[in-house]
Amino acid sequence: WTGATLSQETRIRYIGFLHDPNDLAMALVMVMPMIFYLAARRGLILRFLYYAVVAVIGYAIYLTNSRGAILAVGAMLVFYGVVRYGLTKSFIVLPILAAPLLALAPSRVADISADEASAEGRIEAWYQGFQLLISHPIFGVGKGLFADKNGGLTAHNSFVLAFAELGLIGYFVWVSILALSWLMLHRLVFSEAPSGVPPKIVAEWEEIRAAARALWYGYVGGLGCAFFLSRTYVV
């Protein structure tokens with residue numbers, strides 16, 4: 001009904017900026033923790049409806065056949081295990097959480113190899129990015145010019161694209177935005193309400209911390225996908 005067609009005859013995609021299956025998968029990955037957050041605040045029936053939505057989104061991620069998205073979901077599970085159970089206990093819990101992910105992973109996950117054509121192309125693009133950084137270390141080659149220097153192909157990595165096009169100065173500013181966003185969420189998640197405040201304030205603060213955790217998990221998924229996508233300038 002949107003006019004969207006399959007990519008490579010098997011991979012789902014949407015329209016607009018979600019036309020690429022990997023971009024669609026990235027958006028879906030970041031949304032999942034937020035739906036879990038909403039589900040925890042609903043009654044039993046609505047909670048199961050939210051869980052059904054998560055299942056549909058998980059199936060949609062599977063249909064995108066995006067290897068980067070599967071790795072990003074794995075990164076979210078690892079991060080969730082460490083935040084929820086601690087570093088030591090997470091080593092026991094994570095294999096249980098990751099087993100269904102590995103069992104149901106898309107077919108292209110089995111093709112992850114440095115010798116596979118797509119992976120080889122990415123490695124070559126990353127190598128070219130480092131070469132551009134060496135030759136233009138201060139200001140880079142300029143925003144939007146990576147493909148011109150790499151035979152029309154993008155970097156397939158938001159971090160490589162940033163330092164190749166923006167140089168060390170621009171890369172410092174770009175990474176600072178990511179780092180400060182991470183630190184703000186970290187501070188919210190691990191800061192408890194001040195002692196002596198009314199219970200209502202404590203409850204409100206716990207709600208803020210829960211929302212921050214959901215955004216933090218989604219942030220990890222987004223960064224995981226961004227490592228395999230050229231989405232440096234997409235807010």
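In this predicted model, Pro-33 is in contact with Met-76, Ala-214, Tyr-217 and Gly-218, once its neighbours within four places in sequence are set aside. Pro-33 belongs to helix α1 and counts as buried, with a relative accessibility of 10%. One of these partners, Met-76, is 43 residues away from Pro-33 in sequence, yet the two C-alpha atoms are 8.9 Å apart in space. This small neighbourhood is a handy place to begin a tour of the structure.

From there, the view widens to the nonpolar interior. The largest nonpolar core has 31 residues. Those with the most contacts inside this core are Leu-28, Val-29, Ile-57, Ile-61, Ala-69, Trp-216 and Cys-225. Two or more residues come from each of the elements α1, α2, α3 (67-103), α6 and α7. Trp-216 gives a closer look at the surroundings of one core residue: leaving aside neighbours within four places in sequence, Trp-216 is in contact with Phe-79, Val-83, Trp-182, Leu-185, His-186, Val-189 and Phe-190. Apart from the largest core lies another, made of nine residues, including Val-141, Ala-155, Val-160 and Leu-161. As a general background to such groupings, nonpolar side chains tend to be buried together in soluble globular proteins.

Helix α6 deserves a paragraph of its own. This helix covers residues 158-190. A straight helix of 33 residues would span 48 Å at 1.5 Å a residue, but the end C-alpha atoms of α6 are only 29 Å apart. Where is the bend in α6? The helix bends by about 130 degrees at Gly-167. At the N-terminal end of α6, Asn-157 acts as a cap, with a side-chain oxygen 2.8 Å from the backbone nitrogen of Phe-159.

Charged side chains come next, and the count of salt bridges is three. In one of them, Asp-23 and Arg-231 meet through their side chains at 2.4 Å, N to O. This pair joins distant parts of the chain, 208 residues apart: Asp-23 sits in helix α1 (residues 21-39), while Arg-231 sits in the segment after α7 (199-226). How accessible are the two partners? Asp-23 has a relative accessibility of 6%, so this residue counts as buried, whereas Arg-231 is partly exposed, with a relative accessible area of 29%.

Another salt bridge pairs Glu-207 with Arg-41, and here the closest N and O atoms are 2.7 Å apart. Again, distant parts of the chain are linked: Glu-207 lies in helix α7 and Arg-41 in the loop between α1 and α2 (44-64), 166 residues apart. Glu-207 counts as partly exposed at 33% relative accessibility, and Arg-41 counts as partly exposed at 35%.

The salt bridge between Glu-206 and Arg-209 has its closest N and O atoms 3.1 Å apart. Because Glu-206 and Arg-209 are three residues apart in helix α7, about one helical turn separates them. Is Arg-209 buried or exposed? At 11% relative accessibility, Arg-209 counts as buried, while its partner Glu-206 counts as partly exposed at 33%.

Note on methods:
Residues are numbered from 1 along each chain as its sequence is written. This is a predicted model: local features need pLDDT of at least 70, side-chain atom pairs count only at pLDDT 80 or more; totals for chains, interfaces and linings use all residues. Side-chain values use heavy atoms; hydrogens and water are left out. Helices (H or I, at least four residues) and strands (E, at least two) are DSSP runs, numbered from the N terminus. The expected span of a helix is 1.5 Å times one less than its number of residues. The bend at a residue is the angle between axes fitted to the seven residues ending there and the seven starting there. A polar contact is a pair of N or O atoms within 3.5 Å; within protein, one must be able to donate a hydrogen and the other to accept it, and residues adjacent in sequence count only if both atoms are side-chain atoms. A salt bridge is a side-chain nitrogen of Lys or Arg within 4 Å of a carboxyl oxygen of Asp or Glu. Buried means under 20% relative accessible area, exposed over 50%, partly exposed in between (1.4 Å probe, protein chains only). Contact means heavy atoms within 4.5 Å. A nonpolar core is a set of buried Ala, Val, Leu, Ile, Met, Phe, Trp, Tyr and Cys residues joined through side-chain atoms within 4.5 Å.
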